[in-house]
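Visitor: I would like a close look at a single part of this model. Please pick one helix and work outward from there.

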Amino acid sequence: MSEAVRTILQTNAEAAAAPPREAGREADAGFLWDFWYPAVRSAEIRRQKLVTAMLLEAPLVLGRTSDGKAFAMRDSCPHRGMPLSYGRLDGQVVECCYHGWRFDACSGRCVEIPSLTSQDKLRVERIFAGHYPCEERDGYVWVYMSSSSRTASDTSRGRIDADSEPGSRPPEAIPAAPALAVFSEKYKIIHLSCELPSHVDQGIIGLMDPAHGPFVHQSWFWRKRASIHEKAKQFEPIPNGFRMSPHQPSANSAPYRLLAKMTGETVATTIDFVLPNLRTEIDRSGKLWFSSRATVTPVRGDLCRIDFVAAWNLPLPIAIFRPFAKKFLRQDQLTMIQQAEGLKYNPHLMLIDDADRQAKWYFALKANLLESRRTGAPMVHPISGPVTLRWRS
Ligand code: FES
Ligand SMILES: [Fe+2]
């Protein structure tokens, strides 16, 4: 057997073994729970409007109380499952459209069951609609998809609190929701999003795939197929992810050349990937900066969504940047739509070195995180130290 064939077979076996699977129904979907995910844009929830979203196959209803606080509940009445989004929001309270049960929007606690008589003993305040932590950042409403929502007895599924007063349990240690890095007081910001008909893993490895650039994103302003050349990039481990160490960006990218020309200083680019789904890129040159974040959020097993936000203080009008970014995203979306056709037939996939090494790291990070959660042992980082990857793009 030739070395090349052996490598391909070996890589095939690795690839097949790569996607981690948790035990249990939700786990089979390959989602990562206990992380923040962007659910909707902040601007979508206003006044008395109830808005629906789906994250990790969980139906959500979101809104804003009269004092401006965003909330997220499971879109299912704990009485008989009516989506709460068909009901109405009245300042602080969400009322189900079916039998009028009323729930405090910020805690999910039931505050009224209209059918009860003075004879009834049911303690309504012990009934909870499913409820999720919720924070707003960078124009998104982020929802913390707690793994405890996967058990029927938890708050996020709706529950009757049998013996403990709600709130008497120690609150889960929940980190702050992610925020885009910005480096000056004034800046421009844009948001774009698109849906991909694929599992979140495919969306993510598509996001971190360096080799598709010259083929999928061919254009005069970005790069041409003829400009493919060999690259060597240094990577290092960071908590829950990896970093492409600060470097001078690719000389064949017009925007970077422009930036260097404007400041007369070198451009340093740092690109991070962090579980569950965040890719951030920061470009800095003198006082000028450009910062962006793309997240790939699982909606269902066969659907994910890219949310892209970028901020900058460069003299770059939004009206110029937006169409380029849109086109770029659209090219990725079209590619993923086409790829989904092929993936329907469950093909064997290959991840090759070094161009697909970041995809392998993603699968390894995910598997090691799940393993550490399962055993309680510290997570083993799949990357032991700085490493240089080489590819042509
Ligand atoms: S289903 Fe919601 S009140 Fe009955
Ligand atoms: Fe792309």
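**Helix 6 and its surroundings**

Guide: The buried residues of helix 6 are covered by, among others, strand 14 (188-196), helix 3, helix 4, strand 19 (288-300) and strand 20 (303-312). This is a predicted model. Start with the helix itself. Helix 6 has 26 residues, which should span 38 Å at 1.5 Å a residue. Its end C-alpha atoms lie 36 Å apart, so the two values agree.

Which residues of helix 6 are buried? They are Phe-321, Ala-325, Leu-329, Gln-331, Asp-332, Gln-333, Met-336 and Ala-340. A general point on helices helps here. An α-helix has 3.6 residues a turn, so residues three or four places apart point the same way.

Asp-332 deserves a stop. Its relative accessibility is 17%, under the 20% cut-off, so Asp-332 counts as buried. It is also a metal ligand: the iron ion (ligand 2) is coordinated by two OD atoms of Asp-332, together with NE2 of His-212 and NE2 of His-217. The distances run from 2.0 to 2.6 Å. Four donor atoms make up the site, and the angles among them range from 56 to 152°. That geometry is irregular. Along the chain, the donors follow the spacing H-x4-H-x114-D. His-212 sits in the loop between helix 3 (200-207) and helix 4 (213-216), while Asp-332 belongs to helix 6 (residues 318-343), so the pair ties together parts that are 120 residues apart in sequence. His-212 is buried too, with a relative accessible area of 17%.

Now follow the chain past helix 6. A loop leads from helix 6 to helix 7 (357-375), and Asp-354 lies in that loop. The peptide bond between Asp-353 and Asp-354 is cis, with omega about -15°. Then comes helix 7. Helix 7 has 19 residues. From its first C-alpha to its last it reaches 26 Å, close to the 27 Å expected at 1.5 Å a residue. Its buried residues are Gln-358, Ala-359, Lys-360, Trp-361, Tyr-362, Phe-363, Leu-365, Lys-366, Leu-369, Leu-370 and Ser-372. Just after helix 7, Gly-376 has a positive phi of about 85°.

Two of those buried residues, Tyr-362 and Lys-366, also help to line the largest cavity. How many cavities of 30 Å³ or more are there? The count is one. The largest cavity holds about 60 Å³ of space. Its lining also includes Gly-30, Phe-31, Leu-32, Tyr-37, Val-200, Ile-204, Pro-276, Asn-277, Val-296 and Pro-298. Helix 3, strand 19 and helix 7 each give at least two residues to this lining. Helix 3 and strand 19 return here from the cover of helix 6.

Pro-276 leads on to another backbone feature. The peptide bond from Leu-275 to Pro-276 is cis, with omega near 5°. Pro-276 lies in the loop between strand 17 (268-274) and strand 18 (278-285). Step back into strand 17 and you find Thr-270. Thr-270 has 17% relative accessibility and counts as buried. Leaving out residues up to four places away in sequence, Thr-270 touches Arg-243, Met-244, Pro-246, Thr-280, Glu-281 and Ile-282.

Last, the early strands. Two residues there take a positive phi of about 50° without being glycine: Arg-47 and Leu-56. Arg-47 lies in the loop between strand 1 (35-41) and strand 2 (51-55). Leu-56 lies in the loop between strand 2 and strand 3 (58-64). Are they buried or exposed? Arg-47 is exposed, with a relative accessible area of 65%. Leu-56 is buried, at 3%.

Pro-59 follows in strand 3. With 25% relative accessibility, Pro-59 counts as partly exposed. Pro-59 and Asp-75 are 16 residues apart in sequence, yet their C-alpha atoms are 5.3 Å apart in space. Beyond residues up to four places away in sequence, Pro-59 touches Ala-53, Met-54, Met-73, Arg-74 and Asp-75.

Technical notes:
Residues numbered from 1 in each chain as written. Chains lettered and ligands numbered in written order. Predicted model: local features only at pLDDT ≥ 70, side-chain atom pairs only at ≥ 80, totals over all residues. Heavy atoms only, no water. Donors = N, O, S within 2.8 Å, 3.2 Å for Na, K, Ca; no water. Tetrahedral: all angles 85-135°; square planar, octahedral: opposite > 155°, others 65-115°. Helix = DSSP H or I, 4+ residues; strand = E, 2+ residues; numbered from the N terminus. Buried < 20%, exposed > 50% of the residue type's maximum accessible area, 1.4 Å probe, protein only. Expected span 1.5 Å × (residues − 1). Contact = heavy atoms within 4.5 Å. 1 Å grid on protein atoms, 1.4 Å probe; cavity = no way out; pocket = protein on both sides within 12 Å on 5 of 7 lines; lining within 4 Å. Points joined across faces, edges and corners; volume = space filled by probe spheres on them.
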